[in-house]
Amino acid sequence: MFNKLVDIICEYVEVEPENVKPESRFIEDLGFTSFDFMSMLGELEDEFDVEIDQTKAVDIRTVQEAVDYLESLASEE
């Protein structure tokens, strides 16, 4: 799941895949805007066939937090 997320991240911001680490923060480290982040969440919903709770999404700061959240959604099904 991490590698797929990295691929998606690289579609939204100009960053090399090898520079995306689990501890990378979307806004501070990767250069996401709030709009980029929300757009990416929509793509993640489609890609992983999950529904992201927007109130929980605002707490996602790092790539690893996103992976953990997506994995928790996938395990609920």
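**Close-up 1. Aromatic pairs in the predicted model.** In this predicted model, the count of aromatic pairs comes to 3. Tyr 12 and Phe 32 make up one of them: their ring centres lie 6.5 Å apart and their planes stand at 25 degrees, so the pair is stacked. This contact links distant parts of the chain, since Tyr 12 belongs to helix α1 (residues 2-12), whereas Phe 32 sits in the loop between α1 and α2 (34-48), with 20 residues separating them. Phe 32 also pairs with Phe 26, and here the centres are 5.3 Å apart with the planes at 90 degrees, so this pair is edge-to-face.

**Close-up 2. The aromatic cluster and the burial of its members.** Tyr 12, Phe 26, Phe 32 and Phe 37 together form one aromatic cluster. How buried or exposed are Phe 26, Phe 32 and Tyr 12? Phe 26 has a relative accessible area of 2% and is therefore buried, and Phe 32, at 3%, likewise counts as buried. Tyr 12, with a relative accessible area of 25%, is partly exposed, because the buried class is reserved for values under 20%.

**Close-up 3. A salt bridge between helices α1 and α2.** The structure holds 2 salt bridges, and one of these joins the side chains of Glu 47 and Lys 4, with an N to O distance of 3.9 Å. Because Glu 47 lies in helix α2 and Lys 4 in helix α1, the pair ties together parts of the chain that are 43 residues apart in sequence. Both ends of this bridge are partly exposed, Glu 47 at 40% relative accessibility and Lys 4 at 33%.

**Close-up 4. The salt bridge of Asp 29 and Arg 25.** In this view the side chains of Asp 29 and Arg 25 meet in a salt bridge, for which the N to O distance is 3.0 Å. Asp 29 counts as partly exposed at 40% relative accessibility, and Arg 25 is also partly exposed, with a relative accessible area of 36%.

**Close-up 5. A negative patch on the surface.** Which residues form the negative surface patch? The patch is made up of Asp 59, Glu 65, Asp 68 and Glu 71. Among them, Asp 68 can be placed in helix α4, which spans residues 63-76. With 39% relative accessibility, Asp 68 counts as partly exposed, and this value satisfies the requirement that patch residues have over 30% relative accessible area.

**Close-up 6. Buried residues of helices α1 and α4.** Val 6 is found in helix α1, where its relative accessibility of 5% makes it a buried residue. The C-alpha atom of Val 6 is separated by 11 Å from that of Ala 66, although the two residues are 60 residues apart along the chain. Tyr 69, for its part, lies in helix α4 and is buried, having a relative accessible area of 14%. Between the C-alpha atoms of Tyr 69 and Ala 57, which are 12 residues apart along the chain, the separation is 8.7 Å.

Methods: Residues are numbered from 1 along each chain as its sequence is written. This is a predicted model: local features need pLDDT of at least 70, side-chain atom pairs count only at pLDDT 80 or more; totals for chains, interfaces and linings use all residues. Side-chain values use heavy atoms; hydrogens and water are left out. Patches are made of residues with over 30% relative accessible area and no salt bridge: like charges are joined within 9 Å, nonpolar side chains (Val, Leu, Ile, Met, Phe, Trp, Tyr) within 5 Å. Accessible areas come from the Shrake-Rupley method with a 1.4 Å probe; for residues, only the protein chains shown count as cover. A salt bridge is a side-chain nitrogen of Lys or Arg within 4 Å of a carboxyl oxygen of Asp or Glu. Lys and Arg count as positive and Asp and Glu as negative; His and the chain ends are not counted. The place of a charge is taken as NZ of Lys, CZ of Arg, CG of Asp or CD of Glu. Helices (H or I, at least four residues) and strands (E, at least two) are DSSP runs, numbered from the N terminus. Buried means under 20% relative accessible area, exposed over 50%, partly exposed in between (1.4 Å probe, protein chains only). Rings of Phe, Tyr and Trp (its six-membered ring) pair if their centres lie within 6.5 Å; planes under 30 degrees apart count as stacked, over 60 as edge-to-face and the rest as tilted.
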